[in-house]
Amino acid sequence: MASTEIARQAGEGARAVPLSGHVGFDSMPDQLVNKSVNHGFCFNILCVGETGLGKSTLMDTLFNTKFEGEPTQHNQPGVTLKSNTYELQESNVRLKLTMVNTVGFGDQINKEDSYKSIVEFIDAQFEAYLQEELKIKRTLHSYHDTRIHACLYFIAPTGHSLKSLDLVTMKKLDSKVNIIPIIAKSDAISKSELAKFKIKITSELVSNGVQIYQFPTDDESVAEINSTMNSHLPFAVVGSTEEVKIGNKMVKARQYPWGTVQVENENHCDFVKLREMLIRVNMEDLREQTHTRHYELYRRCKLEEMGFKDTDPDSKPFSLQETYEAKRNEFMGELQKKEEEMRQMFVQRVKEKEAELKEAEKELHEKFDRLKKLHQDEKKKLEEKKKALDDEVNTFKQKKTAAELLLNQAQQAGGSTTLKRDKERKNFF
Amino acid sequence: CSWSEYSESIESRSKSCTSGSDPQQPKTLEAYVGFANLPNQVYRKSVKRGFEFTLMVVGESGLGKSTLINSLFLTDLYSPEYPGPSHRIKQTVQVEQSKVLIKEGGVQLLLTIVDTPGFGDAVDNSGCWKSVTDYIDSKFEDFLNAESRVNRRQMPDSRVHCCLYFIAPSGHGLKPLDTEFMKYLHEKVNIIPLIAKADTLTPEECQQFKRQIMKEIQENEIKIYEFPETEDEEEMKLVKKIKDRLPLAVVGSNTIIEVDGKRVRGRKYPWGVAEGESFKSEFVLFRNPLFIFRTHMQDLKDVTNNVHYENFRSGKLAAVTCNGMENKHNGQLTKSPLAQMEEERQENMGRIKKMEQEMENVFEMKVKEKLQKLRDSEAELQKRHDQMNRSILAQHRDLEEKRRQLEEEIATWETQQRILEQQKLETLKGGNKKKKIF
């Protein structure tokens, strides 16, 4: 039996030992399968394509049910993504199927940004998973995985070549999701045209470096069928949920005046091939590729963006703890610096304001000192004036007193003279 | 999370996955779609990948661990070329691993046996569980680091999936060493306790011993590995059978003996041969003592991954981020350490902003106060100045008034004086005249 991955990994460390009886660990794959079946499976498909290419119909045909939804109009202003989740069961296998449809793709006049919402959606699913994975307390085993496992890209059946919108979009998506290009409504193309169309598409994809999903050929049990199918890419499909009676069976078909296109007839279209490859043979591989290749790429880019490295400058590997601690210290250092800065700024402002206020105070005091001095001067003047006045008053008083004294003396003298005269007069008479 | 939470989540998933988004029954498809083939795809891929399993055996020397390992896998894992640890004398408890690659039915298994020679052999055995827990933790740590790298490769899973703990067949109960060990390890690894060398116990002794052990295990709240319930009836019968017989009593043998023309693995005693057929009693499972591997290897790995490893991881990451702070809110554990650090950062930024705001407010207030004071004192001084001005003015006016009065007085007096003067003059003149007459 070929060497397993584990055996290759073990390498020198392990020695092969033959068993001499039946131990029973050959049931391990069964145990694993049982566990998966009990757990249920989950698969997410993204359908990208212009409005009216039959995406919803194809999904209905592929999964044999009528999924909800109205056909969309052509007047969407931008590309939005609508997703629906369905629980399906076939024999004992439960499948949680999520279908995401691009609504309004290719309808705008300026289609430059059409791919953006699709890329954002895919990244958002990766981000959600990454966040869950990074949580401290996480529940990965019961997490509903919403990452897109397969992207069916619907190519319009022009018969000529890929549109530039197709090339641009696929180029943006090929590193994020498994792209399976299909030619939609292929009953519009004749057989010879179809062959040429397929070749043209494949060569255009190759020359533009678009990586589409290749069915894996490393497992012998499926290698042959996968490599055959690889050569039939892109699949030309027809979808139909209507049934038509052919012979004595009801088959899914599209009825035209000139004939009937049977969906499950391999001569008519590649629908059966698509179903085989997508669901029956490679579903698990699609999921694995999404997880180990596309998701890891996203995760790597995201972590590097956040500044995580695997090794320090000396190329010694970082342990998780060191990485987180380093980041934490960085944060704290930043914070401390900010705090310091703020404090310094405040100290500065306070100092400045204090100086300002002191200045103002000083000015005020000076002003009032000046005024005071003015007052003093005025007062002095006043005093002088008063004194002058007092002096005058005194002088006047003195004069007055002196004059009165004189008068009194004069009067006395005169009075006595008058009296004498009067007496003399009296005596005369 | 605890084992019970985990098993509950498994149960609820398997019972009905219709609870949730779709209230109706899952759509059963009318015609063939093909995803019922998914299990086969999974099978195919798992076989291609191969399996790995790490089994740890712990027990005192001489309990037949190596013999059991050999008989477990029906091969000489330990042989003269690759002697087991028991042949080497150890002073301290070592942890040794041997890796073997075995194939069966197209399935390849990389089996790692971890042995702990020297366990319980010293005179003072306190802390002998430490090297075991260190080993288990180091494997968890390796896995954690590998899982957390930016560039992740295929991560080899060398975590310990199952620990077989050998209990000496004393017939009485668990030794203190046993309970010590199990208490330290039951939250790190799936413990399956075994009674070693069970051929030294009679069936009744064995049964009683088992009961005693289980009682002590419960009393000490030790969580040994729980075989999960399953919906499959056949399997449930088996699970119940095992559960009733815990801990399993085992006998290992390396030698092939001929009994009644048949070649069997057994132990030959003077009084008989202990081998599979004679042990068809209920209490000893001989030939394939751990046939649980047929059915539960995957579950052992799952419990290790989803319960024990996650506990280790969340403990480790919580320590890194909380970093000394006590676990304030348990809600923090639902975020990734990065998100948590981001939150912390935002919190701190908010705090700084608030501080800034406060300081700003205080500053403003103080400035306002100071300005107000200045204004008040200015007003005060202004008032006084005005007052003084007014008083000076008043005084001036007073003075003016007095002066005026004075001048008036002077004027009046002068007028009087002049009149008097004139009168005097006239009187004098008249007097003189009179004199003249006479």
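Ser91(A) counts as exposed in this predicted model, because its relative accessibility of 56% is over the 50% mark. The residue sits in the loop between β3 and β4 of chain A. Its backbone is worth a look as well, since phi of Ser91(A) is near 50°, a positive value in a residue other than glycine. Most residues other than glycine have a negative phi, and most peptide bonds are trans.

Chain B offers a residue with a positive phi too: for Lys197(B), which is not a glycine, the angle is near 45°. Lys197(B) belongs to the loop between β6 (191-195) and α6 (203-219) of chain B. With a relative accessible area of 37%, Lys197(B) is partly exposed, because this value falls between the 20% and 50% limits. Back in chain A, the peptide bond from Leu233(A) to Pro234(A) is cis, with omega near -10°. Pro234(A) lies in the loop that runs between α7 (220-232) and β7 (235-236) of chain A.

The overall make-up of the two chains gives these local features a setting. Chain A has 429 residues, of which 44% count as buried, and its secondary structure comprises ten helices and ten strands. Chain B has 438 residues, with 45% counted as buried, and it contains nine helices and ten strands. Among contacts in chain A between residues at least 6 apart in sequence, those joining residues at least 24 apart make up 68%. The corresponding share in chain B is 69%.

Confidence can be followed along chain A, where pLDDT averages 83 and 88% of the residues score at least 70. Within that chain, strand β5 (residues 150-155) has the highest confidence, at 93, while helix α1 (residues 5-10) has the lowest, at a mean of 67. Where pLDDT is low, the predicted coordinates should not be read in detail.

Attention now turns to the second largest pocket, which holds about 950 Å³ of space. Its lining consists of 41 residues, and those nearest its centre are Gly54(A), Lys55(A), Ser56(A), Thr57(A) and Pro71(A). In chain A, α3 (55-63), β3 (80-90) and β4 (93-103) each supply at least two residues of this lining. The most comes from α3(A), which gives six residues. By class, the lining of the second largest pocket has 16 polar, 14 nonpolar and eleven charged residues.

Aromatic rings form a further set of contacts, with 15 aromatic pairs counted over all chains. In one of them, the ring centres of Phe126(A) and Tyr295(A) are 6.0 Å apart and the planes meet at 55°, so the pair is tilted. The pair links distant parts of the chain, 169 residues apart: Phe126(A) is in helix α4 (residues 114-134) of chain A and Tyr295(A) in helix α9 (residues 283-305) of chain A. Both Phe126(A) and Tyr295(A) are buried. A stacked arrangement is found for Trp129(B) and Tyr184(B), because their ring centres are 3.6 Å apart and their planes are at 15°. This pair also links distant parts of its chain, with Trp129(B) in helix α4 of chain B and Tyr184(B) in helix α5 (residues 176-185) of chain B, 55 residues apart. Trp129(B) is buried, at a relative accessible area of 17%, whereas Tyr184(B) is partly exposed, at 39%. Returning to chain A, Phe126(A) and Tyr295(A) form one aromatic cluster together with Tyr129(A), Tyr143(A) and Tyr298(A).

Two buried charged residues complete the picture. Glu284(A) is located in helix α9 of chain A and counts as buried, because its relative accessibility of 13% is under 20%. Beyond its neighbours within four places in sequence, Glu284(A) is in contact with Leu38(B), Gln41(B), Val42(B) and Lys45(B). Lys139(B) lies in helix α4 (residues 129-148) of chain B, and it too is buried, with a relative accessible area of 13%. With neighbours within four places in sequence left aside, Lys139(B) is in contact with Gln97(B), Ser158(B) and Arg159(B). From C-alpha to C-alpha, Lys139(B) and Glu60(B) are 23 Å apart in space, and they are separated by 79 residues in sequence.

Conventions: Residues are numbered from 1 along each chain as its sequence is written. Chains are lettered from A and ligands numbered from 1 in the order in which they are written. This is a predicted model: local features need pLDDT of at least 70, side-chain atom pairs count only at pLDDT 80 or more; totals for chains, interfaces and linings use all residues. Side-chain values use heavy atoms; hydrogens and water are left out. On a 1 Å grid over the protein atoms alone, a cavity is a set of points where a 1.4 Å probe fits but cannot get out, and a pocket is an open set with protein on both sides within 12 Å along at least five of seven lines; lining residues have an atom within 4 Å of a point. Grid points are joined across faces, edges and corners, and a volume is the space filled by probe spheres set on the points. Helices (H or I, at least four residues) and strands (E, at least two) are DSSP runs, numbered from the N terminus. Ala, Val, Leu, Ile, Met, Phe, Trp, Tyr, Cys and Pro count as nonpolar, Asp, Glu, Lys and Arg as charged, and the others, Gly among them, as polar. Buried means under 20% relative accessible area, exposed over 50%, partly exposed in between (1.4 Å probe, protein chains only). Contact means heavy atoms within 4.5 Å. pLDDT is the predictor's confidence in each residue, from 0 to 100. Rings of Phe, Tyr and Trp (its six-membered ring) pair if their centres lie within 6.5 Å; planes under 30 degrees apart count as stacked, over 60 as edge-to-face and the rest as tilted.
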